[in-house]
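User: Can you walk me through the contacts in this protein? I'll ask as we go.

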Amino acid sequence: MNAENRVISIDNLTKTYGKNRGIEAVTFDVTKGEIFGFLGPNGAGKSTTIRCLLKLIRPTGGRAEILGHDVVKEHREIMRHIGYIPSETQFYPSMKVSEVIRFAADVRGTDCREEAAMLCERLRVDTDKRIEELSLGNRKKVGIVCAMQHRPELFIFDEPTSGLDPLMQAEFFGLVQEYNAAGATCFLSSHVLSEVRKYCHRAAIIREGRLIACDTVEHLAHTGAKLVRVEGTDGLTLDGMSKVTRKDGGMEFVYSGDMNALLKALSAADVKDLSIEEPSLEDVFMQYYGGAEQ
């Protein structure tokens with residue numbers, strides 16, 4: 001990969017909390033113009049990685065660069081080019097929404113009034129209300145406006161759609177795609193598989209603090225696993241079976257083991273009907289999760 005195209009470059013990034021696990025030797029790159037998904041169940045290490053990138057916490061080891069700048073040594077320069085949405089948005093509760101949005105623009109020394117007005121209209125943000133009057137979802141929308149209004153080169157979003165209703169989720173991703181089409185890069189963490197499948201070009205999967213895969217979403221979905229549905233028997237037990245459901249004398253499971261072993265087991269059973277097909281992306285990613293809940 002051409003170094004000039006790397007917007008985020010992470011090399012063996014590690015963060016430990018005493019004896020507790022944070023992240024360990026995380027390594028991947030995000031390329032200019034990508035919508036890049038960072039996928040994993042809650043507690044996998046997504047937020048820890050993002051906080052290290054933003055110097056909200058200091059990494060224990062390894063290094064990371066954003067736009068060619070070291071995230072620890074050149075933090076101020078980096079923040080000029082980033083729009084960040086934390087997983088939980090917090091503002092001064094007594095401030096009006098309009099004041100928060102204007103304050104975020106003033107901190108950057110940028111006149112964002114026109115862009116902010118467009119975003120507030122698209123996201124249906126009531127700028128006359130005070131923060132303490134807002135629901136979780138409406139506070140998240142204010143955070144989105146603050147992160148997007150200065151049209152940064154890089155968006156870093158930590159669980160950006162939590163708290164948003166489906167209509168606003170669709171509107172948010174519509175905005176992401178528009179900014180991306182205009183040249184912005186987007187890095188977003190999520191545990192919602194459908195978001196990654198629908199909107200991301202590439203994705204990294206993290207589990208228990210370790211990176212376990214990084215590729216295009218299309219390639220991640222093609223692991224060789226198959227979704228198997230059998231009628232007539234519910235007694236198959238083979239290495240490589242996961243997500244097993246047994247019902248009414250039949251069964252369904254995702255199979256990633258030896259295909260000859262599967263065929264041998266099926267031939268010895270009283271099979272009345274059989275289908276073998278590609279599993280859904282959700283089923284494939286659950287294999288990476290090792291059975292963890294979304």
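User: How many disulfides are there?
Analyst: The count comes to 0 disulfides. Bear in mind that this is a predicted model.

User: Why is Cys-52 not in a bond?
Analyst: The closest cysteine sulfur belongs to Cys-214, and that is 18 Å from the sulfur of Cys-52, too far for a bond. A disulfide needs the two sulfur atoms within 2.5 Å.

User: Is Cys-52 buried or exposed?
Analyst: Buried. Cys-52 has a relative accessible area of 1%.

User: And Cys-120, which cysteine has the nearest sulfur?
Analyst: That is Cys-146, with its sulfur 8.5 Å away. Cys-120 is in no disulfide. Cys-120 counts as buried too, at 10% relative accessibility.

User: Switching to aromatics. How many aromatic pairs?
Analyst: The count is 11 aromatic pairs. One of them joins Phe-28 and Phe-36.

User: Why is the Phe-28 and Phe-36 pair called stacked?
Analyst: The ring planes of Phe-28 and Phe-36 are at 5 degrees, so the pair is stacked. Planes under 30 degrees apart count as stacked. The ring centres of Phe-28 and Phe-36 are 5.4 Å apart.

User: Are those rings buried or exposed? Start with Phe-28.
Analyst: Phe-28 counts as buried, at 5% relative accessibility. Phe-36 is buried as well, at 0%.

User: What about Phe-173 and Tyr-199, how far apart are the centres?
Analyst: The centres of Phe-173 and Tyr-199 are 4.1 Å apart. Their planes are at 5 degrees, so this pair is stacked.

User: Where do Phe-173 and Tyr-199 lie in the chain?
Analyst: Phe-173 is in helix 6, residues 166-181. Tyr-199 is in helix 7, residues 193-199. The two are 26 residues apart, and the pair links distant parts of the chain. Both Phe-173 and Tyr-199 are buried.

User: Which residues do ring pairs link into a cluster?
Analyst: Phe-155, Phe-157, Phe-172, Phe-173, Tyr-179 and Tyr-199. So the stacked pair from helix 6 and helix 7 belongs to this cluster.

User: Which charged end sits over the ring of Tyr-17?
Analyst: That of Lys-15. It sits 5.3 Å from the centre of the Tyr-17 ring.

User: Now charges. How many salt bridges?
Analyst: The structure holds 14 salt bridges. Arg-122 takes part in a salt bridge with Glu-171, at 2.5 Å from N to O.

User: Why does the Arg-122 and Glu-171 pair tie together parts of the chain?
Analyst: Arg-122 lies in helix 4, residues 113-123, and Glu-171 in helix 6, so the pair ties together parts that are 49 residues apart in sequence.

User: How accessible are they? What is the relative accessible area of Arg-122?
Analyst: It is 25%, so Arg-122 is partly exposed. Glu-171 counts as partly exposed at 23% relative accessibility.

User: How far apart are the closest N and O atoms of Arg-122 and Glu-178?
Analyst: They are 2.8 Å apart, and Arg-122 forms a salt bridge with Glu-178. Glu-178 lies in helix 6 and Arg-122 in helix 4, so this pair ties together parts that are 56 residues apart in sequence. Glu-178 is partly exposed, at 44% relative accessibility.

User: Which residue forms a salt bridge with Glu-277?
Analyst: Arg-229 does, with the closest N and O atoms 3.1 Å apart. Here the link runs between strands. Glu-277 is in strand 14 (residues 273-277) and Arg-229 in strand 11 (residues 226-231), 48 residues apart. Glu-277 counts as partly exposed at 35% relative accessibility, and Arg-229 does at 33%.

User: Which residues are linked in a network of salt bridges?
Analyst: Arg-63, Glu-65 and Asp-70.

User: What does the domain assignment give?
Analyst: It gives domain 1 (3-218) and domain 2 (226-278). Their centres, taken over C-alpha atoms, are separated by 41 Å.

User: One more. Where does Thr-31 lie?
Analyst: Thr-31 lies in strand 2, residues 20-31. Thr-31 counts as buried, at 18% relative accessibility. The C-alpha atoms of Thr-31 and Glu-88 are separated by 26 Å. Along the chain, Thr-31 and Glu-88 are 57 residues apart.

Notes:
Residues numbered from 1 in each chain as written. Predicted model: local features only at pLDDT ≥ 70, side-chain atom pairs only at ≥ 80, totals over all residues. Heavy atoms only, no water. Phe/Tyr/Trp six-rings, centres within 6.5 Å; stacked < 30°, edge-to-face > 60°. Buried < 20%, exposed > 50% of the residue type's maximum accessible area, 1.4 Å probe, protein only. Helix = DSSP H or I, 4+ residues; strand = E, 2+ residues; numbered from the N terminus. Lys NZ or Arg CZ within 6 Å of the ring centre and 35° of its normal. Salt bridge = Lys/Arg side-chain N within 4 Å of Asp/Glu carboxyl O. Domains from an automatic or database assignment.
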